[in-house]
Amino acid sequence: SELTSQLLSHAMVIHRSEALEPEAIDLPSLLDHVVQRARPISDDVLIRLDIDEEAKGAVIAGDPISLNEAMTNLVDNAVKYAGRGGDVTVRLCPHPEGDGFLIDVADRGPGIPDAEKDTVLRRFGRGAAGAGTTGSGLGLAIVKAVTDAHGGALRLLDRPGGGLIVRLELPRAT
């Protein structure tokens with residue numbers, strides 16, 4: 001059922017990106033909604049939302065449904081790989097080099113080796129850390145499709161001290 005759900009989500013995101021009619025999206029509200037939804041089902045993983053003071057009024061132009069789907073996938077993946085007693089941080093801040101925003105979703109899981117980072121962004125692509133963990137290999141492909149449709153960039157970064165940071169760079173609404 002998870003595979004079917006992810007396939008439908010991927011198809012929905014692709015369809016919505018092809019017919020994108022941007023709306024103003026309040027990023028702090030969207031992220032708060034995603035984090036609040038995840039907390040009750042995150043077992044004992046601590047999820048923290050950190051919104052930089054300069055990003056409290058962050059607004060981008062985009063599709064709220066597909067952005068919600070992307071952020072839900074990121075937080076769910078981070079919780080899954082953080083493990084029991086782990087922590088996940090969702091952070092929103094202004095882009096230091098541009099006119100947009102950064103959203104980081106960071107965990108203390110096993111991370112993704114550099115050699116696998118391109119693979120896990122493709123449909124059904126899974127890294128070695130996913131062995132033995134339930135998943136379809138579509139979550140990050142969905143996030144990449146949504147990020148691309150919004151004129152953004154997606155980066156997979158090693159978290160200092162261990163883990164992964166998934167960074168979305170999204171342009172500010174004009």
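Which residue of β7 does L154 stand opposite? In this predicted model, the partner of L154 is L168 in β7. The legends below begin with the whole chain and return to that pair.

**View 1. The chain combines four helices with seven strands.**
From start to end, the elements follow the pattern α-β-α-β-β-α-β-β-α-β-β. The chain has 174 residues, and 45% of them count as buried. Among contacts with a separation of 6 or more, 69% join residues 24 or more positions apart. About 8,600 Å² of the chain is exposed, with carbon and sulfur atoms supplying 50% of that area.

**View 2. Five strands make an open sheet with mixed pairing.**
Follow the sheet across and you will meet the strands in the order β2-β4-β5-β7-β6. At the edges sit β2 (46–51) and β6, each of which pairs on one side only. From one strand to the next, the twist averages 15°. Helix α3 packs on this sheet and touches β2, β4, β5 and β7. The direction of α3 makes about 25° with that of β5.

**View 3. β6 and β7 form a hairpin.**
Here the two strands pair in the antiparallel sense over six bridges. Two opposite pairs are worth finding: L154 with L168, and R155 with R167. Five residues lie between the strands, and G161 in the turn has a positive phi of about 90°. Look also for α4, which lies across β6 and β7 and runs at about 135° to β6.

**View 4. The largest nonpolar core has 39 residues.**
Those with the most contacts inside this core are L27, M71, L74, V88, L92, I103 and L168. Two or more core residues come from each of α2 (27–38), α3 (64–82), β4 (87–94), β5 (100–107), α4 (139–149), β6 (153–158) and β7 (164–171). The largest share, eight residues, belongs to α3.

**View 5. V88 and T89 come into focus.**
Setting aside neighbours within four places in sequence, V88 is in contact with V45, L46, I47, R48, A78, V79, A82, V105, A106 and D107. T89 has its place in strand β4. Is T89 buried or exposed? T89 counts as buried because its relative accessible area is 9%, and the cut-off for buried is under 20%. With the neighbours within four places again left out, the contacts of T89 are R48, D104, V105, A106 and R159.

Technical notes
Residues are numbered from 1 along each chain as its sequence is written. This is a predicted model: local features need pLDDT of at least 70, side-chain atom pairs count only at pLDDT 80 or more; totals for chains, interfaces and linings use all residues. Side-chain values use heavy atoms; hydrogens and water are left out. A nonpolar core is a set of buried Ala, Val, Leu, Ile, Met, Phe, Trp, Tyr and Cys residues joined through side-chain atoms within 4.5 Å. Buried means under 20% relative accessible area, exposed over 50%, partly exposed in between (1.4 Å probe, protein chains only). Contact means heavy atoms within 4.5 Å. Accessible areas come from the Shrake-Rupley method with a 1.4 Å probe; for residues, only the protein chains shown count as cover. Two strands pair if DSSP finds at least two bridges between them. Axes are lines fitted to C-alpha atoms, for helices over the stretch in contact, and angles run from 0 to 180 degrees between N-to-C directions.
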